[in-house]
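Here is a structure to look at together. Have a look first, then we'll go through some questions about why its parts get the labels they do.

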Amino acid sequence: MVADAGEALCAGAGKPLNMPEPARVEADAGGLPQAIRGKRRQPVAYVEDRWRLDDEWWRTGPVSRLYYAVRLASGQKLVVYQDLVTGGWYRQSY
């Protein structure tokens, strides 16, 4: 059993879930991910799926992303996306 800490959580005290993390992605000339760099380089075996998300176009900071569900050579599945507004790459867990 977990002991009562005696403190109530307030709004904003918890950590948001599923927040994207910056990623170092090597892409080919067509933009397809070829490798993900972390502590070591992990080659992409194949792209399982690809989809685009364009949302909130009416705001000052629109969202335009191209997602890739990739399978790494190690067998690990990973979702990465390229922010089409800034050009940056991110990984996101689901």
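Q: What do β2 and β3 form, and how many residues lie between them?
A: They form a hairpin with 5 residues between them, and G31 in the turn has a positive phi of about 95°. Before going on, a word on the source: this is a predicted model, where local features need pLDDT of at least 70, side-chain atom pairs count only at pLDDT 80 or more, and totals for chains, interfaces and linings use all residues. Residues are numbered from 1 along each chain as its sequence is written, and side-chain values use heavy atoms, with hydrogens and water left out.

Q: What makes β2 and β3 a pair of strands?
A: Strands (E, at least two residues) are DSSP runs numbered from the N terminus, just as helices are (H or I, at least four residues). Two of them pair if DSSP finds at least two bridges between them. Here 4 bridges join β2 to β3 (residues 33-37), so the pair meets that rule. The two run antiparallel, and R24 stands opposite R37 in β3.

Q: How do you know that β3 and β4 pair?
A: DSSP gives 3 bridges between them, in the antiparallel sense, so the cut-off is met here too. One partnership is I36 with Q42 in β4, and a hairpin joins β3 to β4 through 3 residues.

Q: Why is the contact of E26 and R41 called a salt bridge?
A: The term asks for a side-chain nitrogen of Lys or Arg within 4 Å of a carboxyl oxygen of Asp or Glu. For E26 and R41 the N to O distance is 3.0 Å, so the label fits. E26 lies in β2 (residues 24-27) and R41 in β4 (residues 41-55), so the pair ties together parts that are 15 residues apart in sequence. E26 and R41 are also linked with R37 in a network of salt bridges.

Q: Why is E26 called partly exposed?
A: Buried means under 20% relative accessible area, exposed over 50%, and partly exposed in between (1.4 Å probe, protein chains only). E26 has 25%, so it falls in the middle class. R41, at 38%, is partly exposed as well.

Q: What makes E48 and R71 a salt bridge?
A: Their side chains meet at 2.9 Å, N to O, so they satisfy the distance rule. E48 sits in β4 and R71 in β5 (residues 63-72), so this pair ties together parts 23 residues apart in sequence.
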